[in-house]
Amino acid sequence: MALPSPSQDGRRLRSERTKQSIMDAYIELLREKPDVPTAAQIAARAGISTRSVFERFVDLKGLSLSTLDYAFAMGEAQAVVRDVDGDRPTRLRSHVETRAHTCERWLPVWRVVVANQGKMEELRDRVRFIRQAIVKRVELMYRPELGVLSAEERRDLLIALEALIDFESWARMRDGHGLSFEEACSVWMRMIDRMLPPTPPSRDE
Amino acid sequence: MSITTASKPARIDGRRLRSERTKQLIIEAYLALLRENPVMPMPTAARIAERAGYSVRSIFERFPDLNKLRAAAADYQLAQAAALAPPRNIDGDRATRIKSQVETRAGTCERGVALWRVLIFSVDEDEELKPRVRTARERTIERMEIMYRPELSTLSERDRKHMLIALEAITDIESWARMRELYGLSFEEACGVWIRAIDRMLPPTPPTPSN
């Protein structure tokens, strides 16, 4: 099998960079206005022609889905798991602050996705996938406490915790009730602390 | 007063009553279409008219445009929620009050989710919807203040405010819809999730003065 030549590699790299700049432009536009932008608007923001957009993405739907996957990957990369083995207050703080930063950064994109999920089965799947990722993080961060519950109790608690730390719950605290970032984090931390069962003693205690 | 002048207001009232009834049927037709096809946040005037059994002209005689119809539907649903969900068991014990509040709220969510989604997704483009969304949220919070007064009274003002914010988040309409649509819980199971969550969140109930 022939290896790609350096010029082919360069072309591929440039093409990938253009693709990324198109998706960055898409995300920027969503942050400014909660509507799906047109291909022309995206191209103008990325500084390329509309034709270049469609050379890299089959259609606007394909671009929208790729952008959402790209945004999710970025969100995951930014929300590094920390302090999984910390004590209860440390885990609470770490989890809430990470989640809060994700909500601050990604709320506008999330809103457009949720608003349009009824029109596209693939969007619905992705919304479901993102919610699952949020629940998995909760399971990871509060494993000791959740471990003492029955399967049904654990499921119920996870559903309630997911509702509490929803994007829109964060938005209401910040925009509707005018809480600062720290105050809003404090609300979530105290409420999660109330909702979780007592932390069992660790094995080496 | 002559008989002619005395009967005149009654005739006007009758017309007004019929017109109000038509308005209500149009709103109900709009809400029914939303529930049947939530993907279509604004059905066409022709479909609404057909469903209500009136002409398209009848709609625009009562609503200048479809956005006004949507706002009127929000008012109708707010009034309906207030009428169908009066506070019950406010003096009951903790478990009774939680169950009562949750079941009432669940009923409101079940009936209102389709329109609520339309309001939330259209609120940025329609100024008239903002106060209606705010009112709906305020009513939810006010209801919880009434239902959980004993427990909330043990908290500082700041903690009470924060507790109410969190309770409202947990019992949001979308939270209800996810339990029903995404997790496939029955009405009773979903109520159970909220009941247990609220019970964990609320502080201990203080002893009543007679205790």
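Domain bounds come from an automatic or database domain assignment, and the exercises below apply such bounds to a predicted model.

**Exercise 1. Describe the fold of chain A and find how its domains are placed.**

Solution. Begin with the elements: chain A has 10 helices and zero strands, so that from the N terminus on the order reads α-α-α-α-α-α-α-α-α-α. Next consider the extent of the chain, whose C-alpha trace spans about 60 × 50 × 30 Å along its principal axes. Then divide the chain, which gives domain 1 (9–78) and domain 2 (80–205). The C-alpha centres of domain 1 of chain A and domain 2 of chain A lie 28 Å apart, and the contact between these domains takes 12 residues from domain 1 of chain A and 14 residues from domain 2 of chain A.

Now look at the side of domain 1 of chain A that touches domain 2 of chain A, to which α1 (6–32) and α4 (60–78) of chain A each supply at least two residues. On this side α4(A) gives the most, with seven residues. Sorted by class, the residues of this side of domain 1 of chain A are eight nonpolar, two polar and two charged.

**Exercise 2. Decide whether Glu104(A) is buried, partly exposed or exposed.**

Solution. First locate the residue, which sits in helix α5 of chain A. Next count its surroundings: Glu104(A) has 14 C-beta neighbours inside 10 Å. A residue is buried if that count is 20 or more and exposed if it is 12 or fewer; Glu104(A), with its 14 neighbours, therefore counts as partly exposed. As a last step, compare positions along the chain and in space: Glu104(A) and Ile27(A) are 77 residues apart along the chain, and their C-alpha atoms are separated by 14 Å. For the chain as a whole, 29% of the 205 residues of chain A count as buried.

**Exercise 3. Work out which parts of chain B meet chain A.**

Solution. Start with the totals, which are 21 residues of chain B in contact with 21 residues of chain A. Then assign the residues of chain B to elements: α8 (157–170), α9 (173–182) and α10 (187–201) of chain B each supply at least two residues of the side that touches chain A. The largest share of that side of chain B, six residues, comes from α10(B). Finally sort this side of chain B by class, which yields 13 nonpolar, three polar and five charged residues.

**Exercise 4. Identify the residues that touch the most other members of the largest nonpolar core, and follow one of them.**

Solution. The core has 91 residues, and those that touch the most other members are Ala160(A), Leu164(A), Tyr30(B), Ala166(B) and Ile170(B). Helix α5 (residues 88–116) of chain A provides the largest share of this core, nine residues. Now follow Ile170(B), leaving aside its neighbours within four places in sequence: its contacts include Ala160(A), Ala163(A) and Leu164(A) in chain A, and Trp194(B), Ala197(B) and Ile198(B) in chain B. As general background, nonpolar side chains tend to be buried together in soluble globular proteins.

**Exercise 5. State how confident the predictor is, and where in chain B its confidence stays under 50.**

Solution. Take the complex first, for which the predictor gives an ipTM of 0.82 and a pTM of 0.83. Turn then to chain B, where the mean pLDDT is 88 and 93% of the residues reach 70 or more. The stretch in question is residues 1–7 of chain B, where pLDDT stays under 50 and for which the model has one contact beyond four places in sequence.

Terms used: Residues numbered from 1 in each chain as written. Chains lettered and ligands numbered in written order. Predicted model: local features only at pLDDT ≥ 70, side-chain atom pairs only at ≥ 80, totals over all residues. Contact = placed C-beta atoms within 7 Å. Helix = DSSP H or I, 4+ residues; strand = E, 2+ residues; numbered from the N terminus. Nonpolar A, V, L, I, M, F, W, Y, C, P; charged D, E, K, R; others polar. Core = buried A, V, L, I, M, F, W, Y, C linked by C-beta atoms within 7 Å. pLDDT = per-residue confidence, 0-100.
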